[in-house]
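User: Could you take me through this model before I set anything up with it? I'd like to start with the overall picture and then get to pockets and a few residues.

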Amino acid sequence: MTRRTPPRPLDVAQLFPEVAPLRKRTVRLHPRAGAPTFRDSSVGGPLLWPVEEPWPVCPDHHRSPMVPVVQVHAVDALGLVPFPAGCDLLQVLWCPLAHDGCWVVPAVRWRDAAAVGAVRAAPAVDGEVPYGKIPRPCVIHPELVEEYPRWDLPDELWDLLEPRFEQVESETGWDYQSHLSTAPGTKLGGYPGWCQDPQWPDCSGCGQRMDHLLTVESWEADAASRLTWTPVEDRGVRYEGAGLMLGDAGGVYLFECRHCPGRPAKDRFDCS
């Protein structure tokens, strides 16, 4: 089944033309509990991992295997994310165990799906795993949508527009931050789903600001944002998502440098 996000209830570019140049596209993955196979794009599903390639382990917990978080074939990235030459599959794993100073330790892999023969199953994680750190297996329903900056809105624009944001909300009931700006939920590209001030990392190699690759959030939307961001097919329907709980309903954000060899990656996290 496809997922179709309704259009914004107001014309954002017309009401706030200053944010129009900052519009971006993102691919909402819309994970829904299911039974994906290792050949499918998924959240929390089995990975297409070659049997001859060692399974990654946590650099902090040296014997603890990482767990599958996201697998996306290039066709399901809908042309938004540039895949490395010769690769058509993105895989993200993380260590779900407790760490000092961070919630999870992620790893990013790119590969050629057709080159994978026999597949290695993910090993079991030993030890007590904190609640909400291993995603429930979900099929995905990728959808390309447009969004505007929320926490990434420059301070000078926020100061300029805040009176108009408040006026529009008082007249219509629609809040710029929750209802009109950045798409919530697990997604590719676009703006990270920050809960707090942005923490864009710079590449350690070239010094340039890294590109946002993936946001993994605790849920598809909170009580406020779901009023306008819930897909048409899910209105009035109870569904199971990935079952994550990252901090206090926060998110993990992955970034990459598309200029340096090997596409180095960094991560950030926050919560409300």
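Analyst: What follows goes from the whole chain to its pockets and then to single residues, and please keep in mind that this is a predicted model.

User: Fine. What helices and strands does the chain have, and what are its spans along the principal axes?

Analyst: The chain has four helices and 12 strands, and its C-alpha trace spans about 60 × 45 × 35 Å along the principal axes.

User: And how does the radius of gyration sit against a compact globule?

Analyst: The radius of gyration is 19 Å, which agrees with the value near 19 Å that a compact globule of 272 residues would have. Among contacts between residues at least 6 apart in sequence, 78% join residues at least 24 apart.

User: What share of the chain is buried, and what about the surface?

Analyst: Buried residues make up 50% of the 272 residues, while the accessible surface comes to about 12,600 Å², with 52% of that belonging to carbon and sulfur atoms.

User: OK, pockets. How much space is in the largest one, and which residues are closest to its centre?

Analyst: The largest pocket holds about 540 Å³ of space. Its lining consists of 22 residues, of which Trp219, Glu220, Arg226, Tyr239 and Gly241 are the closest to the centre. Sorted by class, that lining has nine nonpolar, five polar and eight charged residues.

User: And the second largest pocket, what are its volume and lining?

Analyst: The second largest pocket has about 350 Å³ of space, and it is lined by 19 residues, with Arg150, Gly193, Trp194, Cys195 and Asp222 the closest to its centre. The lining of this second pocket divides into seven nonpolar, seven polar and five charged residues.

User: Switching to backbone. Which residues have phi near 55°?

Analyst: Leucine 78 has phi near 55°, a positive value in a residue other than glycine, and alanine 249 likewise has a positive phi near 55°. As background, most residues other than glycine have a negative phi.

User: Where are those two, and are they buried or exposed?

Analyst: Leucine 78 lies in the loop between strand E4 (67–73) and strand E5 (89–95), and with a relative accessible area of 35% leucine 78 is partly exposed. Alanine 249 is in the loop between helix H4 (226–229) and strand E11 (251–256); its relative accessible area is 16%, so alanine 249 counts as buried, the cut-off being under 20%.

User: What about leucine 48, where is it and what does it touch?

Analyst: Leucine 48 is found in the loop between strand E3 (42–43) and E4, and it is buried, with a relative accessible area of 0%. Leaving aside residues up to four places away in sequence, leucine 48 touches Phe38, Arg39, Gln71, Leu89, Gln91, Arg111, Ala113, Val116 and Val119. Its C-alpha is separated by 8.7 Å from that of threonine 37, which is 11 residues apart from leucine 48 along the chain.

User: Last one: where is phenylalanine 269, and what are its contacts?

Analyst: Phenylalanine 269 is in strand E12 (residues 265–270), and at 23% relative accessibility it counts as partly exposed. Not counting residues up to four places away in sequence, phenylalanine 269 touches Gly101, Cys102, Trp103, Gln199, Gly251, Val252 and Tyr253. Phenylalanine 269 and glycine 247 are 22 residues apart in sequence, with 8.8 Å between their C-alpha atoms.

Conventions:
Residues numbered from 1 in each chain as written. Predicted model: local features only at pLDDT ≥ 70, side-chain atom pairs only at ≥ 80, totals over all residues. Heavy atoms only, no water. 1 Å grid on protein atoms, 1.4 Å probe; cavity = no way out; pocket = protein on both sides within 12 Å on 5 of 7 lines; lining within 4 Å. Points joined across faces, edges and corners; volume = space filled by probe spheres on them. Nonpolar A, V, L, I, M, F, W, Y, C, P; charged D, E, K, R; others polar. Rg over C-alpha atoms; globule rule 2.2 N^0.38 Å. Buried < 20%, exposed > 50% of the residue type's maximum accessible area, 1.4 Å probe, protein only. Contact = heavy atoms within 4.5 Å. Areas by Shrake-Rupley, 256 points an atom, 1.4 Å probe, with all protein chains shown as cover.
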